[in-house]
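Trainee: I should like to go through the reasoning behind the terms used for this model. Could we begin once it is on display?

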Amino acid sequence: MTKLVKNIDKILVTGGSGFIGSNFIRYISSHYPELQIINLDKITYAGNPENLRDIEDNPQYTFVRGDICNPKVVEDVCRKGPQAIVNFAAETHVDRSIGSPEDFLKTDVYGTYILLEAARKHNLRRFVHISTDEVYGEAEDAPSTEDSPLYPKSPYAASKAGADRLAWAYFATYGTPVVIGRCANNYGPCQYPEKLIPLLITNAIEDKPLPIYGDGKNVRDWIYVEDHCRALELLLFTEGIEGEAFNIGASEEHPNLEVAEIILNILGKPRSLLTYVNDRPGHVRRHAVAADKIKAALGWQAAMPFPEGMEHTINWYIKRPEWWRKIKTGAYLEYYRQHYGQLHHSNK
Ligand code: NAD
Ligand code: TYD
């Protein structure tokens, strides 16, 4: 397989001010200094311009604040001439999707439709859709493969499954050059502290309780965000993979309790901070993906071992308190009190 990079000199990244999108833009801009990057982001509560402060004056980078659900906004950015879209924009937190699913359906499904229409109209050369391993639902007996059925269990996962299949339908129906990445749980710098790892790290630093849902034995398959970005680089630039979906994962399955213990150990905090709270409704017991396809087809593999990735991540949150302390105020605290305040807490 050859690289398409010569034919793509401008890309549209959506949701580039969030966790993975900002890591991706930083990675791509440092490896492809000639590439123009337009970031279209609505800046929801999870979007954060601070994530890209260091490259906002870089001439290869343009930021546009706007909603992917708005066809006019999307048309205006497509007129700037990108040859490819990398679609990260989404509502992403499972707990919030349980409380209010509507925004998930709007952005994750309808927003993806608006972008696919734009890709079709402008004959774009590549549409990388960022899906998730959550589309599979439970990985009961073995890690999910690309051929596993999709049984999403939360409104978030169901919205992402809708978008994933809609993107593929555009390939099948119109020949839109869609490529789909279904990645496992990411961790690393700039992750909004409502997700497990940054929530536990920042709470532990502040000597606050670490909320563990249910018995803490639910398993997630963790991947360092830069490993995901390297996989997406291949999905963006490799020729001949249109219409394909690829699992992306590092085979790092860990129960939530083990993740919490690693954080407490690295930070030197006591186990008494662990607090069991009521379980999440529809809580998936195990997410895990087999990444054999991307390894064999594209030669990708994860480079970061989990313990080392956790050290890096924890150090980043230690060094950047202003980044997360600013977030953990106002609307965040209100969400936190509302969500965790109603749950029963226990230390065993
Ligand atoms: P995030 O919540 O940190 O960032 C989402 C970004 O999208 C934010 O910057 C937000 O402002 C923007 N956005 C939301 N709605 C928008 C809209 N209507 N128009 C324009 N921008 C909008 O999420 P993340 O963790 O970086 O996830 C990025 C993508 O990766 C998502 O599609 C998610 O489903 C997928 N994914 C995430 C993980 C993970 O572990 N975090 C794993 C697999 C896949
Ligand atoms: P999360 O980071 O929300 O990602 P996802 O639900 O998309 O996998 O949650 C990861 C795991 O951690 C999941 O099993 C739920 C659990 N969890 C807790 O135990 N406590 C918490 O406060 C949160 C937010 C998650």
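Trainee: What makes the pairing of ligand 1 with Ile 68 a polar contact?

Mentor: In this predicted model, a nitrogen atom of ligand 1 is 3.0 Å from a polar backbone atom of Ile 68. The cut-off for a pair of N or O atoms is 3.5 Å, so the pair qualifies as a polar contact. By the same criterion, an oxygen atom of ligand 1 lies 2.9 Å from a polar backbone atom of Gly 18. With Tyr 156 the side chain takes part: one of its N or O atoms is 2.7 Å from an oxygen atom of the ligand.

Trainee: How much of the accessible area of ligand 1 does the protein cover?

Mentor: On its own the ligand has 840 Å² of accessible area, and the protein covers 97% of this. Two or more shell residues come from each of α1 (19-31), β5 (126-132), α5 (155-174) and β7 (185-187). The greatest contribution is that of β5, with three residues.

Trainee: How is the shell around ligand 1 composed by class?

Mentor: Of the 28 residues that surround the ligand, twelve are nonpolar, twelve polar and four charged. Among the closest are Asp 41 and Lys 160.

Trainee: Why is Gln 191 called buried?

Mentor: Its relative accessibility is 7%, and buried means under 20%; therefore Gln 191 counts as buried. Gln 191 sits in the loop between β7 and α6 (196-205). Beyond its neighbours within four places in sequence, Gln 191 is in contact with Phe 19, Asn 186, Pro 198, Tyr 317 and Trp 323.

Key: Residues numbered from 1 in each chain as written. Chains lettered and ligands numbered in written order. Predicted model: local features only at pLDDT ≥ 70, side-chain atom pairs only at ≥ 80, totals over all residues. Heavy atoms only, no water. Near = heavy atom within 4 Å. Polar contact = N/O pair within 3.5 Å; in protein donor to acceptor, adjacent residues only side chain to side chain. Areas by Shrake-Rupley, 256 points an atom, 1.4 Å probe, with all protein chains shown as cover. Helix = DSSP H or I, 4+ residues; strand = E, 2+ residues; numbered from the N terminus. Nonpolar A, V, L, I, M, F, W, Y, C, P; charged D, E, K, R; others polar. Buried < 20%, exposed > 50% of the residue type's maximum accessible area, 1.4 Å probe, protein only. Contact = heavy atoms within 4.5 Å.
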